[in-house]
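Could you walk me through this structure in the viewer, one selection at a time? I would like to know what to click on next and what is there.

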Amino acid sequence: MRGFYEIAANDPERPALLGDEGITYGRLLDRVNRASNGLTSRGVAPGDCVVTVLKNGADALTMMLATYQIGAYLVPVNWHFTTEEIDYIVGDCGAKVVIAPDALTVDALAAGQPATPPEHRRAGSMMLYTSGTTGRPKGCAGGCWT
């Protein structure tokens, strides 16, 4: 993560993401900080889960970095999943916030939030869900060997 912050500070116009959703490091850092502040204003604390149902792109990258810097778990859910599958994961992980095009969007989360970094940066992580051996998805953070 340190590399991201250094590049954003020293070369903010450098492209961070190419393509149709192209974004510079400086603009990405602005969005990440606003999204982090939006999450904390909604009660997300270190160790809490944030579910995202997003396609790969600027929003998914923003949410990954935003959750990581506030010490939260990012729980990315495939946008092809059914409502029932998504609801199961949201309930199972106890998500504090769900970011999805038909729920809360990244733009809505970040709207009106300060672009300052969170007061205390902490290292968050990702929690992935697998089908496991029971037929029900299982959340795995750090390592899951069942």
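What follows is a short tour of this predicted model, with a few residues to select at each stop.

**Stop 1: the aromatic rings**

Begin by selecting Phe4, Tyr5 and Tyr25, and show their side chains. Ring pairs link these three, Phe4, Tyr5 and Tyr25, into a cluster. How many aromatic pairs does a search of the whole structure find? The search finds 2. One of them joins Phe4 and Tyr5 edge-to-face, with 5.2 Å from centre to centre and 65 degrees between the planes. Phe4 and Tyr5 are both buried.

Now turn to the other partner of Phe4. Phe4 and Tyr25 make a tilted pair, 5.9 Å centre to centre with 40 degrees between the planes. This pair links distant parts of the chain, as Phe4 belongs to helix α1 (residues 2-10) and Tyr25 to helix α2 (residues 25-41), 21 residues apart. Tyr25, like Phe4, is buried.

Before you leave, add Arg121 to the selection. Its charged end sits over the ring of Tyr5, 3.8 Å from the ring centre.

**Stop 2: along α2**

Tyr25 is in helix α2, so colour residues 25-41 next. Does the length of α2 agree with or differ from what its 17 residues should span? At 1.5 Å a residue the helix should span 24 Å, and its end C-alpha atoms are 24 Å apart, which agrees. Buried residues in α2 include Tyr25, Leu28, Leu29, Val32, Ala35, Ser36 and Leu39. Arg31 and Asn33 are also buried there. As you look along the axis, keep in mind that an α-helix has 3.6 residues a turn, so residues three or four places apart point the same way.

Move on past the end of the helix. Arg42 is in the loop between α2 and β3 (49-52). Is Arg42 buried or partly exposed? Arg42 counts as partly exposed because its relative accessibility is 37%, between the cut-offs of 20% and 50%. If you draw a distance from Arg42 to Leu28, you should get 21 Å between the C-alpha atoms, for two residues 14 apart in sequence. Select Gly43 as well: this glycine follows α2 and has a positive phi, near 90 degrees.

**Stop 3: α3 and the second largest pocket**

Colour α3 (58-69) next. Its 12 residues reach 17 Å from the first C-alpha to the last, close to the 16 Å expected at 1.5 Å a residue. Among its buried residues are Ala58, Thr62, Met63, Leu65, Ala66 and Tyr68. Gly71 follows α3, with a positive phi near 80 degrees.

Then show the second largest pocket, which has a volume of about 200 Å³. Its lining includes Thr52, Leu54, Ala60, Met63, Met64, Leu74, Pro76, Trp79 and Met126. Which element gives the largest share of that lining? That is α3, with 3 residues. By class, the lining has 9 nonpolar residues, 3 polar ones and no charged ones.

Stay with Trp79 from the lining and add Lys55. Lys55 lies over the face of Trp79, at 4.3 Å from the ring centre.

**Stop 4: Thr105**

Finish at Thr105, in the loop between β5 (97-99) and α5 (106-110). Thr105 counts as partly exposed because its relative accessibility is 31%. Draw one last distance, to Asp20: the two residues are 85 apart in sequence and 19 Å apart in space, C-alpha to C-alpha.

Notes
Residues numbered from 1 in each chain as written. Predicted model: local features only at pLDDT ≥ 70, side-chain atom pairs only at ≥ 80, totals over all residues. Heavy atoms only, no water. 1 Å grid on protein atoms, 1.4 Å probe; cavity = no way out; pocket = protein on both sides within 12 Å on 5 of 7 lines; lining within 4 Å. Points joined across faces, edges and corners; volume = space filled by probe spheres on them. Helix = DSSP H or I, 4+ residues; strand = E, 2+ residues; numbered from the N terminus. Nonpolar A, V, L, I, M, F, W, Y, C, P; charged D, E, K, R; others polar. Phe/Tyr/Trp six-rings, centres within 6.5 Å; stacked < 30°, edge-to-face > 60°. Buried < 20%, exposed > 50% of the residue type's maximum accessible area, 1.4 Å probe, protein only. Lys NZ or Arg CZ within 6 Å of the ring centre and 35° of its normal. Expected span 1.5 Å × (residues − 1).
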